[in-house]
Amino acid sequence: MTNIAVFASGTGSNFDALAEAIDRKEVEAVISLVVSDKPSSKVVEKAKARGIEVLSFQPKDFGGKAGYEQVILGACREHDIEWIVLAGYMRLVGTTLLTPFEGRIINIHPSLLPAFPGKNAVGQAFKAGVRVTGVTVHLVDEGMDTGPILDQRAIRIEQGDTEEDVQRRIQQVEHVLYPEVVGRLVKGEAETHDKTGITERF
Ligand code: GRF
């Protein structure tokens, strides 16, 4: 069975969705490790309640990114992690983790990338007045939400929608799309397409 690590620092609704899809045997993987840079976050509580090992830390206790990423790398190796799934981990991943896990770290972002990268993507879309936004799952590279796209789903912003309405619909889509993509990845059936038309299979 494929071991995956979920990196998260928020409420953990995507962690829940993935764990539930695994429980239903829709994704052939095990969440063997949860990593969080916010020890007090809800997702830490949820992971512990499921009996999953948690590595939580305060970045300020380390000299810098390389310091805590070295500890994370050790834990990932100990658990034989094949895929790292970012789900609300609000930090750029550095080379300490990116190099050994190249092409093996994915992220979910609440917009149709490359539109609205970075923080508050739903607010950015709302302010821009777009009628369509959505969700992107992509491989992580050194940039901010810039890696090759694995899948996307669109949602419409209807007349009269509030930002909260859009946020809620985005999350509903995330909870379906993320487990689907992880399921494909662990079976070696996920793909990216680059601008020259080359398809790569993961
Ligand atoms: C998600 O909306 C995801 O798009 C973003 O962070 C949020 C995490 O939410 N990267 P949750 O903690 O999974 O509820």
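**Burial, backbone and ligand shell**

Biologist: Why is F116 called buried?
Modeller: F116 has a relative accessible area of 17%, and buried means under 20%, exposed over 50% and partly exposed in between, with a 1.4 Å probe and protein chains only. F116 therefore counts as buried.

Biologist: How do you know which residues and atoms to count?
Modeller: This is a predicted model, in which local features need pLDDT of at least 70, side-chain atom pairs count only at pLDDT 80 or more, and totals for chains, interfaces and linings use all residues. Residues are numbered from 1 along each chain as its sequence is written, and side-chain values use heavy atoms, without hydrogens and water.

Biologist: What makes the phi of F116 notable?
Modeller: Phi of F116 is near 55 degrees, a positive value in a residue other than glycine. Most residues other than glycine have a negative phi.

Biologist: Is K25 buried or exposed?
Modeller: K25 is exposed, because its relative accessibility is 70%. Phi of K25 is also positive, near 65 degrees.

Biologist: What is the geometry of the peptide bond from L113 to P114?
Modeller: That bond is cis, with omega near 10 degrees. Most peptide bonds are trans.

Biologist: What makes the approach of G12 to the ligand a polar contact?
Modeller: A polar backbone atom of G12 is 2.8 Å from a ligand oxygen, and a polar contact is a pair of N or O atoms within 3.5 Å. A backbone N or O atom of I108 lies 3.0 Å from a ligand nitrogen, and a side-chain N or O atom of Q171 is 3.2 Å from a ligand oxygen.

Definitions and conventions:
A polar contact is a pair of N or O atoms within 3.5 Å; within protein, one must be able to donate a hydrogen and the other to accept it, and residues adjacent in sequence count only if both atoms are side-chain atoms.
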